[in-house]
Amino acid sequence: MDARTSFIVLCLIGFSCAETVKFLDCGSVSGKVVTVEITPCPSQPCKLKRGDSYTVNVTFTSAVPSQESTAVVHGVIAGVPIPFAIPIVDGCKSGIECPIQNGQTYHYVATLPVKDEYPALKLVVEWELRDDNTKDLFCIKFPVQLV
């Protein structure tokens, strides 16, 4: 079985088939983003179905040590940032082994719930992970469409 066939088989039996998405860095001063993946997101902008949850995986390299990390998420609509609740804001409980070390690469993995009551619209998600000094280990923006 070749690599492509193996990948398709793993996806069909329930393994995650994450999609790398295009993003803009919006001020990562304490780290550098390597990749951003959203599952599922077969096309861009990601179409997020209301009532479903999505997995966001941000691979980044820290440029500073930090004892903790805190996620802050906004939906930006017409240039106005609106807080977007996520279940776990503690980055140390989202795939990152703390304390964070300078020069280490990490995989931050979080759930993005899309509530039924959200309106169907296009917006930009702004996702920050802040260090001990409230500086951004990463800050990314990516477009989505709520359907």
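Visitor: What makes strand 4 and strand 10 a pair, and in which sense do they run?
Guide: Strand 4 and strand 10 are joined by three bridges, in the parallel sense. Two strands count as paired if DSSP finds at least two bridges between them. Three bridges meet that cut-off, so the two are called paired. Within the pair, Leu48 is opposite Leu146 of strand 10.

Visitor: What kind of model is this, and how are residues counted?
Guide: This is a predicted model, in which local features need pLDDT of at least 70 and side-chain atom pairs count only at pLDDT 80 or more, while totals for chains, interfaces and linings use all residues. Numbering starts from 1 along each chain as its sequence is written, and side-chain values use heavy atoms, with hydrogens and water left out.

Visitor: Why are the elements called helices and strands, and how many are there?
Guide: They are DSSP runs, numbered from the N terminus: H or I over at least four residues for a helix, E over at least two for a strand. The protein has one helix and ten strands. The helix comes first in the order α-β-β-β-β-β-β-β-β-β-β.

Visitor: Which other strands does strand 10 pair with?
Guide: Strand 2 (residues 24–25) is one, antiparallel over two bridges. Two bridges satisfy the "at least two" rule, so this is a pair. Asp25 faces Ile140 there. Strand 9 is another, antiparallel over nine bridges. Leu123 has Val144 of strand 10 as its bridge partner.

Visitor: What lies between strand 9 and strand 10?
Guide: Five residues, and the two strands form a hairpin. In the turn, Thr134 has a positive phi of about 60°.

Visitor: What holds paired strands together in general?
Guide: Backbone hydrogen bonds, with the strands either parallel or antiparallel.

Visitor: What is the strand order in the open sheet of four strands?
Guide: The order is 1-3-5-8, with antiparallel pairing. Strand 1 (19–20) and strand 8 are the edges, since each pairs on one side only. Strand 3 and strand 5 are joined by eight bridges. In that pair, Ile38 is matched with Val56.

Visitor: Why is strand 10 described as mostly covered?
Guide: Eight of its eleven residues are buried. Buried means under 20% relative accessible area, exposed over 50%, and partly exposed in between (1.4 Å probe, protein chains only). Across the protein, buried residues make up 37% of the 147 residues.

Visitor: What makes a set of residues a nonpolar core, and how many residues has the largest one?
Guide: The members must be buried Ala, Val, Leu, Ile, Met, Phe, Trp, Tyr or Cys, joined through side-chain atoms within 4.5 Å. The largest such core has 33 residues. Tyr108, Trp127 and Phe138 have the most contacts inside it. Elements giving it two or more residues include strand 3 (31–39), strand 5 (53–62) and strand 6 (70–77). Strand 10 gives the most, with six residues.

Visitor: What is Phe138 in contact with beyond its neighbours within four places in sequence?
Guide: Its partners include Val33, Val58, Phe60, Tyr108 and Trp127. Contact means heavy atoms within 4.5 Å. Of the contacts in the protein with a separation of 6 or more, 64% join residues 24 or more positions apart.

Visitor: Why is the link between Lys141 and Glu126 called a salt bridge?
Guide: A salt bridge needs a side-chain nitrogen of Lys or Arg within 4 Å of a carboxyl oxygen of Asp or Glu. The N to O distance here is 3.6 Å, so the pair qualifies. Lys141 lies in strand 10 (residues 136–146) and Glu126 in strand 9 (residues 122–130), so the bridge ties together parts 15 residues apart in sequence. Lys141, at 28%, is partly exposed. Glu126, at 15%, is buried.

Visitor: How many salt bridges are there, and which residues share partners?
Guide: There are three. Glu128 meets Arg130 at 3.3 Å, N to O. Arg130 also bridges to Asp136, with the closest N and O atoms 3.9 Å apart. Both distances fall within the 4 Å limit, so both count. The shared partner joins Glu128, Arg130 and Asp136 into one network.

Visitor: Which of Glu128, Arg130 and Asp136 are buried, and how do you know?
Guide: Glu128 has 8% relative accessibility, and that counts as buried. Asp136, at 10%, is buried too. Arg130 has 26%, so it falls in the partly exposed class.

Visitor: How is the exposed area of the protein computed, and what supplies it?
Guide: Accessible areas come from the Shrake-Rupley method with a 1.4 Å probe; for residues, only the protein chains shown count as cover. The protein exposes about 8200 Å², and carbon and sulfur atoms supply 57% of it.
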